[in-house]
Every structure is written in structure tokens, then in C-alpha cells.
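Q: Could you walk me through reading some backbone and sheet features in a model like this one?
A: Happily! Let's take a look together.

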Amino acid sequence: MTVPVAVLGATGVVGQRLVQLLDGHPGFRLAEVVASGRRAGQRYGEVVPWSIGGDPPRDAAGLVLKGPGELQPRSETPMTRPEAPMRSPIVLSALPSGAAAATEIELARAGHVVCTNASAHRMRPDTPLIVPEINPGAIEGVAAQPWREQGGALVANPNCVVVALAMACAPIERTFGIEAATAVTLQAISGAGLGGVGGMAVAGNVIPAIEGEEEKIGPELNKVLGAGIEVSVAVNRVPVLDGHTAHVFLKLGSRASPGDIVRALEDFRPPAPARALPPLPTRPLVVRTEPDRPQPRLDADAASGMAVSIGRIRAAPPPHDIAFVVVAHNGIRGAAGACLANAELCMARQVARPQSAH
């Protein structure tokens, strides 16, 4: 049997990736799609501005979109959720942060397990911020959430750049310790969404700012790693379609050569809870030895977009010790795939119970 799943923000770039990844999934079945009110009542395949290659999956294309409607909330503040009551026990949210803030909470209160890609609740103390290969045990934090008695839960994946940085840094931090990290990111235009940076602005250009991005990276990275790393970041939007790149410089807690770092990365294996999750590769870190790799065009799709590639591992001058380059597919490993993996973790840890469907 497959568990019915709803996707919020199903017509956006991340929503489309979720719809694509759910097609043929062994444990989940896309049952409900939700988008803006102006598209409500229309078939998904007829109105989605599909932008990720190929065509919408056949089963998804026939689903009728639900739109936001007024919900009689349990508090005095009006909130919104899909007009017809949602029956799917698991909700995957690709909503913009503003819309997610109220909607995700209300759905959790109504007994749904909400796995969100939005930033609205990532730093909330009782929201687990999870990368399954690194901190699957954090899922136990849902027990403290105020809607848990109703069967609801709220679980977040981090920012798309943070997923890549966390995957690269976790084996190093655990083996040698990391005192400080400096990162310069080169982020693909797909990370800005369908209505993001215009082609004329980014073509042949580099935009050295992404609103709200730099402030997220340090706190989210430390929450995932359970660390206290001093993080400095500069972010850039570049004319690349998919695949975020970051140049990373680390000050370590103990001495390590580039060879030591390579061995720590190559020896990394996900913990048992993550190894059982269908979309996660058994080798989630790919170490490249070529002098000019990784590159987003060549490496973002590693392991169907779910692996993180690391290369140019070298000694760095003081105050840093080690430098490297990391590449990950922002739409899959950094967003939709991360969200879906957290939903699978919720099922594996019995946070989500199919029999509790509404």
C-alpha cells in the first residue's frame, strides 16, 4: 500500500520537483495538489508552467488543483489552508515562506505531518531541522510539539546551500572539529523560483547578493550539525540553471592534511535510519580528484541529483587550514529531494501514521 501525500505550492519549481519525484515512488502516492486560488478547480497538467524537463507525470496531470480557502482556526487569528479538507496524512510544503508561516502550523494542528522546504519555521526551537544522513535522531523532537497529541508534526529541511555545506562538513567536524568556516556561494537561477531573477539581469553576469540568504546559512548549518562554528558567507547568483557551487575554507579544531580530509569524506556512510530511505544513495558524498571538478553541469546530477560532490581539497593559508569546492543540485538534493527524504524518515520512525488520514 502507498501513503497518500499532498504537495503545497505544486506549480512552483520545487513543487514540480516534488511531483516528479513522487511519480512511481514505492511508498507514497501523490493524492492532492495545492496552488494559488486562481488555478483552483483546474487540472494540474493543464495549468502548471512545467519547467524542469519532460512533461508532468500522467497521474499528477489529471489531479484537480485545490486553492487556499478560509479555515476556521483553533485560535483567534484567521489562517488559510486548502478549501476542501485535506485527507492526505503527509503534506510536503513548497510554499513561499510568508504563506508557509500560518498554513503549515494550522495543518500540523489538524493532525497532518508537514515536511517543509520553506524557511518559516526552520529555526523554531521545537522544529527538527533534518538532513537524514547527518541528524536523523532529531526527528524525536516532534514529541515536544504542541500539536503532537492530534497526530500532527512539523519537520523542516534546511536551505539548499546548507544541505550541501552540512553534508560536506559533517564528516570533517566529527573527525577533526571545525572552529570557523568561510563560504562563497555561486547559486543557480533555478533557486530563485519561477518568478525569480530575470534573464536580462543574470545573463553574462554575477549578482553579488540574494536577499535574506546569508543570514540563514550560519544558524541553520550549526543547528543541523549540533555545532558552534563561526560562519562567514558571501552569496552570489550566477547564470547557471541548476546546481549550487560553494568555495569553502575551514579552520579546524585539530590538525589534518588534505589526505586526511579525503579519507574522512570517502569513509562517510549514512547512519542506519538514513540507509533504509529509498531516495538516498549509499554513498552520498562523491569526492572528485580532477583539478577542475566538481562543476554544476557535470556533477549536480550525481546519484540522480541526491549526492553531493566535493573536490579541490587542499591546504589553505592561515587563518584557515583546509579549502574545497562543493556542488549539489539545489532543486533535488537541496530542496525537493531533501523534503521527500524527511517524509520517508517520518514514516520509518512512525511519526506519520497512514491510518490517521483525515
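Q: Is Arg 312 buried, partly exposed or exposed?
A: This is a predicted model, and in it Arg 312 has a relative accessible area of 37%. Buried means under 20% and exposed means over 50%, so Arg 312 counts as partly exposed. Arg 312 belongs to strand E12. Its phi is positive, about 50 degrees, although the residue is not a glycine.

Q: What is the phi of Ser 304, and where is Ser 304 found?
A: Ser 304 is a residue other than glycine with a positive phi, near 60 degrees. Ser 304 sits in the loop between H10 and E12. With a relative accessibility of 63%, Ser 304 counts as exposed.

Q: Which residues does a cis peptide bond join?
A: One such bond joins Arg 293 and Pro 294, with omega about 10 degrees. Pro 294 has its place in the loop between strand E11 (285–287) and helix H10 (296–299). The peptide bond from Pro 318 to Pro 319 is cis too, with omega near 10 degrees. Look for Pro 319 in the loop between strand E12 (308–315) and strand E13 (322–328).

Q: What order do the strands of the open sheet have?
A: The five strands run E2-E1-E5-E6-E7, with parallel pairing. Strand E2 (28–34) and strand E7 (153–156) each have a single partner strand, so one side of each is left without a neighbour in the sheet. On average, neighbouring strands of this sheet are turned by 25 degrees against each other, direction ignored.

Q: How many bridges join strand E6 to E7?
A: Four bridges link E6 (residues 113–116) with E7, and the two run parallel. Val 114 stands opposite Leu 154 in E7.

Methods:
Residues are numbered from 1 along each chain as its sequence is written. This is a predicted model: local features need pLDDT of at least 70, side-chain atom pairs count only at pLDDT 80 or more; totals for chains, interfaces and linings use all residues. Side-chain values use heavy atoms; hydrogens and water are left out. Two strands pair if DSSP finds at least two bridges between them. Axes are lines fitted to C-alpha atoms, for helices over the stretch in contact, and angles run from 0 to 180 degrees between N-to-C directions. Buried means under 20% relative accessible area, exposed over 50%, partly exposed in between (1.4 Å probe, protein chains only).
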